[in-house]
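User: I'd like to go through this model and ask what stands behind the labels. Could you set the values against the cut-offs as we go?

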Amino acid sequence: IDTRIQKVLNSEVDGIILAAAGIKRLGLEKHISSYMDKKIWIPAIGQGAIAIESKKDNVQINKLVNKLNHNLTRLCVDSEREISKYFKANCNTPIAAYSCIKNNKIILNSMIGSIDGREKIYCEKEGLIENAIKIGREVAIELDLKGARKFL
């Protein structure tokens, strides 16, 4: 990160895009000139979440892994993944989603776009945390109704 920031300071490049969390963690936030609007620059589905896979029947491991689960993060990722499931998306599908929880509600923003990035369709919905998956499905349906299938 230091070398990338130094390239901007030395005018070797016009700018860089880095994760603000990492910059802040290093105490370099004075170098942040602006933040990308999460409603426009929506990250990939499940971005930043850590997952651990295990066999369903391995009770001992699942007990240990379950202690690491952060339920609110899981709900956010589940709502995002519902969009991916609906469209049967893969790593090449131009789709993004970002969920967050505020005031006991889940807010889900999503985007699907053309491969060349010239066209994009956005959708945002919010609702009760316990309806996270339902909200994900509603966002997917709304994207579909707005013409998302033409990008698949």
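Below, a few labels are checked one by one.

User: Before the labels, what are we looking at overall?

Analyst: This is a predicted model. The protein has 5 helices and 3 strands, and from the N terminus the order is α-α-α-α-β-β-β-α. Its C-alpha atoms fill a box of roughly 55 × 45 × 30 Å along the principal axes. Buried residues make up 29% of the 152 residues. About 11,000 Å² is exposed, with carbon and sulfur atoms supplying 51% of that area.

User: Why is S114 called buried?

Analyst: The cut-off for buried is under 20% relative accessible area. S114 comes out at 12%, so the label buried applies. It sits in the loop between strand 2 (105-113) and strand 3 (120-128). Leaving aside residues up to four places away in sequence, S114 touches P94, E119 and F151.

User: What makes the S114 and D116 pair a polar contact?

Analyst: The limit for a pair of N or O atoms is 3.5 Å, and one atom must be able to donate a hydrogen while the other accepts it. The side chains of S114 and D116 are joined at 2.6 Å, so the distance falls within that limit.

User: D116 also pairs with R118. Why does that count as a salt bridge?

Analyst: A side-chain nitrogen of Lys or Arg has to be within 4 Å of a carboxyl oxygen of Asp or Glu. For D116 and R118 the closest N and O atoms are 3.7 Å apart, so the pair qualifies.

User: Are D116 and R118 buried or exposed?

Analyst: Exposed means over 50%. D116 has 53% relative accessibility, so it counts as exposed. R118 has 74%, so it gets the label exposed too.

User: How do you know that K125, E142 and K146 form a network?

Analyst: Look at the two pairs. K125 and E142 meet in a salt bridge at 3.0 Å, N to O. This pair links distant parts of the chain, with K125 in strand 3 and E142 in helix 5, 17 residues apart. E142 and K146 meet in a salt bridge at 3.5 Å. Both distances are within 4 Å, and E142 takes part in both pairs, so K125, E142 and K146 are linked in a network of salt bridges. A search of the whole structure finds 10 salt bridges.

User: What accessibility label do those three get?

Analyst: Partly exposed lies between the buried cut-off of 20% and the exposed cut-off of 50%. K125 has 25%, so it is partly exposed. E142 is at 25% and K146 at 43%, so partly exposed fits them as well.

User: What makes I40 part of a nonpolar patch?

Analyst: A patch residue needs over 30% relative accessible area and no salt bridge, and nonpolar side chains are joined within 5 Å. I40 has 48%, so it is partly exposed and clears the 30% cut-off. The patch is made by I17, M36, I40 and W41 and covers about 470 Å². I40 itself lies in the loop between helix 2 (20-25) and helix 3 (59-68).

User: Why are N103 and N104 called exposed?

Analyst: With the cut-off at over 50%, N103 at 76% is exposed, and N104 at 62% is exposed too. N103 is found in the loop between strand 1 (95-102) and strand 2, and N104 is in the loop between strand 1 and strand 2. Phi is near 50° for N103, a positive value in a residue other than glycine. For N104, phi is near 65°, again positive in a residue other than glycine.

User: What makes the largest nonpolar core a core?

Analyst: The term takes buried nonpolar residues joined through side-chain atoms within 4.5 Å. The largest such set has 20 residues, and those with the most contacts inside it are I83, F87, L108, I112, V139 and L143. Helix 4 (71-87), strand 1, strand 2, strand 3 and helix 5 (132-145) each give two or more residues to this core. Among the residues F87 touches are I95, A140, L143 and L152.

User: And L68, why exposed?

Analyst: L68 is at 61%, over the 50% cut-off, so exposed is the right label. L68 is found in helix 3.

Definitions and conventions:
Residues numbered from 1 in each chain as written. Predicted model: local features only at pLDDT ≥ 70, side-chain atom pairs only at ≥ 80, totals over all residues. Heavy atoms only, no water. Patch = residues over 30% accessible without salt bridge, like charges linked within 9 Å, V, L, I, M, F, W, Y side chains within 5 Å. Areas by Shrake-Rupley, 256 points an atom, 1.4 Å probe, with all protein chains shown as cover. Helix = DSSP H or I, 4+ residues; strand = E, 2+ residues; numbered from the N terminus. Buried < 20%, exposed > 50% of the residue type's maximum accessible area, 1.4 Å probe, protein only. Contact = heavy atoms within 4.5 Å.
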